[in-house]
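Student: Please take a single part of this structure and look at it closely. Then follow the links from that part into the rest of the model.

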Amino acid sequence: MKIAIFGAGAVGGHLAVTLDQAGANVSVIARGAHLSAIRSNGLTVRSKEQTINVRLPATDRAEELGPQDCVIITLKANALPSAAGDIAKLMTPQTTLVTTSNGIPYWYFYGLDSPWRDHVVESVDPAGRIGHLLPPGQVVGCIVFHAAEVIEPGIIEHTYSNRFSLGEPNGNTSTRAEALSQLLSMAGHKAPVCTNIRNELWLKLWGNLAFNPLSALTGLTVDRLTSRPDLRNTARTMMEEAALVAKALGISFSMSIDERIDLTGSVGAHKTSMLQDLERGRPMEIDALLGAVVELGRLTGVPMPQCEAMLALVRARARHAGLYPD
């Protein structure tokens, strides 16, 4: 199986190294100083257990790699619209496309038995362009429960968790999802195949939609956001609104709001990805995590005053920093 990982950052780079160690034929698409370091010194992953360095094909031109059996997209959702055309160069009609972005994905309503079947979520897929270039029928969804960071070009530090939940958007079981699960398991990851990937998606998103914007606006780590009563209550209100949207879409949660908040707090003095992007001057992933949820609230007729207010504030903060389009 030829596997291309599009975006060899923290998650993608870690996957590339572990899959290479498991014997897979892996290539990576990266850019800038990170790409130069991978070409010169290989790609390194450090963890508590060990340090692994591998040499593998790396490029910033997808067309150089040719058609792939599997493409794993590890870009942030806000980078996908501009990258979709290049990703399409790696694909044939038989290519399996694995999406790992946080938040509501562009394929969310594909094949869904609901009044909104195949509806386009404009916040993440304006005019349906991504869905046209990257057919949802070729997608296997992947929800990442994993923490790592690129600490310097070519070097990734993995801190905790290695769960990659897989699932077909239409809820079917498939040989391609099972094959991916087996491959990821061989690479040392937990990779269950879920019959309702959207439940897994919402469980992760439920915390992200509240704590990512709160952290960007306050500069606080998640342990402080979850332990201060005023901030915890703000997050709880956002999560209550989102839970009503999720319920309208047929989603069920396996834990309570406070259990989900405590799960976030258990990570400790961790900066959310949105806060890290703000501090490092990188485009901020706002729409997939909160903008799309507010859009779905309007679609389902669920009022979301707290989420709408937080969305306006975090967008304004990002615009002021030049990290969100005006």
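Tutor: Contact here means heavy atoms within 4.5 Å. Helices (H or I, at least four residues) and strands (E, at least two) are DSSP runs, numbered from the N terminus. The model is predicted, with local features needing pLDDT of at least 70 and side-chain atom pairs pLDDT 80 or more, while totals for chains, interfaces and linings use all residues. Residues are numbered from 1 along each chain as its sequence is written, and side-chain values use heavy atoms, without hydrogens or water.

The part to look at is helix α11, residues 287-300. Twelve of its 14 residues are buried (under 20% relative accessible area with a 1.4 Å probe, protein chains only; exposed is over 50%, partly exposed in between). The helix is therefore largely enclosed by the rest of the structure. The buried residues include Asp287 and Glu295 as well as Leu289, Leu290, Val293, Val294 and Leu296. Their cover includes α6, α8 (229-248), α10 (273-280) and α12 (305-320). After α11 comes Gly301, with a positive phi near 75 degrees.

One of those covering helices, α6, leads to the interior. The largest nonpolar core (buried Ala, Val, Leu, Ile, Met, Phe, Trp, Tyr and Cys joined through side-chain atoms within 4.5 Å) has 73 residues. Helix α6, residues 197-218, gives the most to this core, with ten residues. Another core, of 34 residues, lies apart from it and has Cys70, Val98, Leu183 and Leu184 among its members. In the 73-residue core, Ile87, Ile104, Leu134 and Trp202 have the most contacts. Neighbours within four places in sequence aside, Ile87 touches Phe6, Val71, Ile73, Leu75, Leu80, Leu97 and Leu134.

Ile73 belongs to the sheet. Strand β6 (residues 70-73) runs parallel to β7 (residues 96-99), joined by four bridges, and Ile73 stands opposite Thr99 of β7. These two strands are part of an open, mixed sheet of nine strands, ordered β4-β3-β9-β8-β7-β6-β1-β2-β5, where pairing takes at least two DSSP bridges. At the edges stand β4 (51-54) and β5 (58-59), each with a single partner strand, so one side of each has no neighbour in the sheet.

Thr99 and Ile104 lead on to the largest cavity. A cavity is a set of points on a 1 Å grid over the protein atoms alone where a 1.4 Å probe fits but cannot get out, and its lining residues have an atom within 4 Å of a point. The model holds three cavities of 30 Å³ or more, and the largest has about 140 Å³ of space; grid points are joined across faces, edges and corners, and the volume is that filled by probe spheres set on them. Its lining has 16 residues, with Thr99, Ser101, Ile104, Pro105 and Tyr106 nearest the centre. Both α3 (80-88) and β8 (139-152) supply at least two residues to this lining. By class, the lining has twelve nonpolar, four polar and no charged residues (nonpolar: Ala, Val, Leu, Ile, Met, Phe, Trp, Tyr, Cys and Pro; charged: Asp, Glu, Lys and Arg; polar: the others, Gly among them).

The loop between β7 and α4 (129-133) holds Asp118. Asp118 is not a glycine, yet has a positive phi of about 65 degrees, and counts as partly exposed at 45% relative accessibility. Ala127, in the loop between β7 and α4, also has a positive phi, near 65 degrees, and counts as exposed at 72%.

Key:
1 Å grid on protein atoms, 1.4 Å probe; cavity = no way out; pocket = protein on both sides within 12 Å on 5 of 7 lines; lining within 4 Å.
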